[in-house]
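Reader: I've got a model open on my screen and I'd like to talk it through. Can you take my questions one by one?

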Amino acid sequence: MDHSRFHITSKQLIFIIIGTQISAGVLSLPRLVAGEAAQHAWISVLVGAVPSFLAIALICYLYSRFNDPDFVNVSKRLFGRYLGSTLMLVFITYAVYFESIAVRVFAEITSVYMLPTTPKWAIVLILIIAAVYAISLGGQVIGRINEILFYLILFDLVIISIPVLTDGEILNLYPLTEIDYLGVLKGAIPTSFAYSGVEVLIVFYALTGRRDEVFKAAIIGQTIVVVVYLLAVLAALSVFGIDSIATIFWPILTLLKVPDLTVIERLEFFFLVLLGGLGVRPTLNLGLAASYSFLRVFDLDFKKYYVPVVIILGVIMFIIAMQPENILEAYSRAYYGGYAFWAIALGYPLLYHLASLIREGGIKNEPSESA
Amino acid sequence: MNHRKVLKLGVYITLLFLLSGCWDATDVDELAIVMVAGYDTPMSVVDTDLHVSALTDATIGPGEVRGVDAPSIGASRTSRNYSTPRDYALTQLQLALYGEELARQGLKNYVDILLREPAIKNSVYLAIVEGKAVDFLQSINENEPKMGGQNLITLVELAPDQSYIPATTLYDFALDMTSRGKNPVIPMLRLIHGEKVPELSGIAIFKKDTMIDKVGQLESRWLMMLRGLQARAYIPFTVYRDGEVFDRGSVLLSNDRKVKVVRNGNEFDFYITIFLEGTLTERLSQQPVFFGDRHYIKEVEQAIASNTKTGVEQFIRYMQEDLQIDCIDISKYALAKWRKELQDQIDHDFINERVNIHVDVKVTIKNVGELG
Amino acid sequence: MLPSFIKRILGRKKQTAAKPGSFPDDDKLSPHLNEKMIKLQPYVDRNRDIKARPFFAKGDPRRKLTLLYMEGRVNQDILYEQLLKSLMLYSDEDLIQGGSAEHLIDRLYQTSISIGQVRKSDSFSDTLQSLFEGYVILLIDRVKDVLIFDIRGGEHRSPEEPPIERTLRGSREGFVEDIIVNIALIRKRLSDPNLVIEKSTIGRRTKTDIAILYIDDIADPELLANIKDKIEQIDVDGIAAIGYIEQFIEDNPRSIFPQLRSTERPDKLVTELLEGKVAIVANGTPWVLIAPSQFINFMQASEDYYERIIVANFSRLFRFFAFFLAISLPGLYISLLSFHQELVPFQLFITLAQARQNVPFPVALEVIIQEVIIQLVVEMGLRLPTTIGQTVGVVAGIVLGQAAISANLASPGIIIVIVITTICTFSMPNYSMVLAVRVLRLFMILLTSAFGLFGFSIGWFLILVHLASLDSFGVPYFAPFAPTRYAEIKDSLIRAPLKTMNKRPASIPHQDNIRQERIK
């Protein structure tokens, strides 16, 4: 495993930003949002994206002030060796935890819809094996995989649009006035959790080839995510209306069971088959971020230690993913993961900015370590 | 060996290890395939006792119908499996029948299992049977053991293409049941010709999940037109000239509707326009009518329009006075404008006390066929 | 103790020093014909196909000459007419009379030998090697040097229609085993003076001639250096076919996917050279390697470019579809019948279930059994002579299938699935890909029999990850899909009109980007 195998292009960064965010969360998103914001759920989707955009801006601004904008270098420079390492280990722990829960949630959905009697550990294990195999091939491959999987999302969007065409009703989205501002804000909170994943930029910034394009790429990626979420929420809302949607666990999947078509009527299966890769994708990106940072923190040789670290990561992920007893617990852990997302995506850049403000002057003039 | 090789070896071994169990695999020949299911309350007073019956097709010999008593639908499946150990596969369920008595008690608890089970599609058709669903199925199975189930499904599925009876899916029912301002309608079935042949007898009208009344075939037509459920069927007409019958015949019409709502203080005026469009298919009159006699076509259109208008107005009176619920799905137009204010009131005496409904019928005959 | 240890090291050293194919230490040739012959004698004695023909120049006994050659490897007509005859009959009088040794050999060369390719050598090893490579050696008494002629000919096949890569509208000429003919076939189609042909040999013992072909001002120098470097690193005693070279130089030898495409069509090769790729030709194989190759290259057939745009795209899309089906159809069949019955339309479901009523095996096992049988039939078809192979293949296919159904060992559904899969497999234009697909299918069958459609999804995910991880000489193997290169979609799933393909594909490093000026 060569260090050069980790470089990604800025185009791939777009897809990584998308891929880390769009996951199983979108399936239940319409219920969570519509439950609070009613027919104005789409506004919540937009408002909920604000923290993510803010995080992108903060991260990019932070790194743009350094010559070698690498998570590890910057942490060590701002906080010293020990505090910096600790901060990074916290980030790694968060990433590993979050990706494990993502795997578990996806395994639960698979279990409900496709494999009701297969033991959960088998599903979790095969997902993790797939993820570990991909992560062990390095960042370049992850970048490419994200590209392919993005096109599958487009297919999924096409599939979602079928029930809208057959059973959607625009009246369900009216009236546009009578906005319940509190409800919209309340709905924005679960939405913002669904946007979790943007924090991988903290690590992927350094891996991107052209630094000047990072900000643009991240913004484009985030915008595409917003659009996808918007379409998904609008689709579910138009078909189910605000009352019915609250009774359904995964509105996006139930949505696909609605149309009465011949032969291809079980759209949810087509969707889930395409989603197979999608479910492991946040795991790929976060797993890569975690193992890459881990090696950098301890300054280990990539050739020698990368693959073993990834395998150990897989084992840890398996253990964490098997912790929740049932689907509801898995979901509540995912919800707490959402708060952790706020802490990481907004807290870290703010903390770093603060540290650099305190140490201002000393930073800019110092020549970088690698230069 | 380098790390990559170790990794790959690990993957292969684990994959082989995983393969030792095909947990979910069930071969098709081991399944009892359910096409039609029927649910009833028994004669006894215990209303949670249910009959579950399945009309299965040729895979397990000729179709069979078996009623089982159990405290809940799920439990009935187990009871059933004491005699048929094949896996009870609901994946191909196309039609769910409910006895009228059960429907009048409320269906909420009995559609839950269908909605909850991921393997069952939401486009399962629903129908209410006059009498017992199990007796209905058994009778069909005896008379037509091979194709009975399939024919019944086709009958319900294609109803709106041939007649003024809607096809209601599980999704439609669940949506109308849970959404404010909506009430479901479900087609009704009965046996005719000496209890042998199934017939669509009309529409069961629900208040949320509970059946409150049923209407016959003629009223079903007005209900469909008002509710905007698209159908395509033949309608007879009679044209009068100078107070005498000038001509009789029939037209093949498809319908559509448009709704406008205007607020008038605390009152709401709904303007429903029903559009009927179609072909002249039949004339019985011996009196010749000249080619291009537009006046005659107009007369036909007017005859149908006035007939329809009388019918639907009568239905609206019936709905507002007797049913006192919105079964023609117009409340959503009011909700779309004043959702915040109305959403808690709309299901309580809204349609009968605060609403005036005005109907206009527009008939267009586009074609007269090959004869003049 | 110590001396024996040293001895052992020395002994080992000696062993490694005595490489196979090495020559006696004394590499000098003696001027005397007899001594030269004595030195060569051990090799000549052991090999009956080496002929020594002593004679006198112009019938003068003072001038003893000997021709050494390998029977069957030289063109005998030229040997007798141009070499032996002219030396024996038409040598210059003066030449025989006297003059120095050097003088003599030059005079011979200038006056008596009517052959183009001649060279002089004074090295014994060179002489011996040349002899075994099929050159003709002329030994002259009292002259230290020898003359080496290249009149290699022998038997070779003339270019015929390629048996594997057939086309409807393409050329009917295919490569043959002879490298000279093959290079001529390429030159004939590509008369660019910038087409460079670099020759060398591979194999310490086989000394197989190979040639590296590229267009100097299109091929990327870095890529070229990379390929040359990899070929130079090959140190093997022999190669039997070009497949050896392929496995020595490809980036991921353990991958299931072929990473170097080989073709037996010169016309196809020319288009690849024009994209900046490098061709490797080896003597003895009627296939030419193309480096670097990408996944889509294995899906492109010549007709795609020779036929008109709509039909060409139609068949190419079908080929991708066939690739997908060939890998996944048996897996899909298992997942639909054993896991997700709801996806099968009802009537079909009933038919399939009835057909399976008497089959004792689970679906997965049934599929595996049929798959194994069909693999064996295919393998047998390859080994049998063409005429018999077809007949036996049909008999095996029809009779076995029919018998399996009536014996309740298989349901008709599975027979149809396996047949469709096999048809799809062999619609791949490249045989290496056919082999890969056959293995991947088994992988898919195993995954789906454990996890149904979920396994199907994971299986394809792994295949895609693997494809995306491959590189062929620094070129991403799965481009333009991953990494996506929008400009190159022009010639991937579909093919854009030739008029619009103005630039060379960006995935392959090249110089001179413009293929054609924009046509209005």
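**Chains, domains and packing**

Author: Sure, and let's begin with chains A and C: 21 residues of chain A are in contact with 22 residues of chain C. Keep in mind that this is a predicted model.

Reader: Which element gives the largest share of the side of chain A that touches chain C?

Author: Three helices of chain A each give two or more residues to that side: H6 (120-136), H7 (139-167) and H12 (267-297). With 5 residues, the largest share comes from H7(A).

Reader: And by class, how many residues on that side of chain A are nonpolar, polar and charged?

Author: We're still on the side of chain A that touches chain C, where 21 residues of chain A are in contact. By class, that side has 13 nonpolar, 5 polar and 3 charged residues.

Reader: What about chain B: which of its elements give two or more residues to the side that touches chain A?

Author: Here 25 residues of chain B are in contact with 33 residues of chain A. On the chain B side, the residues divide into 10 nonpolar, 7 polar and 8 charged. The elements giving two or more residues are helices H1 (3-18), H8 (170-178) and H11 (331-342) of chain B.

Reader: Over to chain C. How far apart do the C-alpha centres of domain 2 and domain 3 lie?

Author: Chain C is divided into domain 1 (17-149), domain 2 (179-293) and domain 3 (305-476). For domains 2 and 3 of chain C, the C-alpha centres lie 33 Å apart.

Reader: Which helix gives the largest share of the side of domain 2 that touches domain 3 in chain C?

Author: In chain C, 15 residues of domain 2 are in contact with 14 residues of domain 3. The domain 2 side divides into 8 nonpolar, 5 polar and 2 charged residues. Its largest share, 3 residues, comes from helix H8 (residues 221-232) of chain C.

Reader: There's a sheet in chain C too. Which strands stand at its edges, and why is one side of each left without a neighbour?

Author: The sheet is open, with 5 strands in the order E1-E2-E4-E5-E3 (chain C) and antiparallel pairing. An edge strand has a single partner strand, so one side of it has no neighbour in the sheet; the two in question are E1 (50-56) and E3 (118-121) of chain C.

Reader: Over how many bridges do E1(C) and E2(C) pair?

Author: One spot to look at is C:Phe55, which stands opposite C:Leu65 in E2(C). The strands E1(C) and E2 (residues 64-70) of chain C pair in the antiparallel sense, and the count is 7 bridges.

Reader: Helix H3 of chain C lies across some strands of chain C. At about what angle to E2(C) does it run?

Author: Take helix H2 (residues 33-46) of chain C first: this helix lies across E1, E2 and strand E4 (136-140) of chain C, at about 20° to E2(C). Helix H3 (residues 76-89) of chain C lies across E1, E2, E4 and strand E5 (146-149) of chain C, and its angle to E2(C) is about 170°.

Reader: Last one, in chain A: is H3(A) roughly parallel or roughly antiparallel to H10(A)?

Author: The axes of helix H3 (residues 41-48) and helix H10 (residues 214-245) of chain A come within 9 Å and cross at roughly 160°. Angles over 145 degrees count as roughly antiparallel. Therefore H3(A) is, relative to H10(A), roughly antiparallel.

Terms used:
Residues numbered from 1 in each chain as written. Chains lettered and ligands numbered in written order. Predicted model: local features only at pLDDT ≥ 70, side-chain atom pairs only at ≥ 80, totals over all residues. Contact = placed C-beta atoms within 7 Å. Helix = DSSP H or I, 4+ residues; strand = E, 2+ residues; numbered from the N terminus. Nonpolar A, V, L, I, M, F, W, Y, C, P; charged D, E, K, R; others polar. Domains from an automatic or database assignment. Pairing = 2+ DSSP bridges. Axes fitted to C-alpha atoms, helices over the stretch in contact; angles between N-to-C directions. Parallel < 35°, antiparallel > 145°, perpendicular 65-115°, else oblique.
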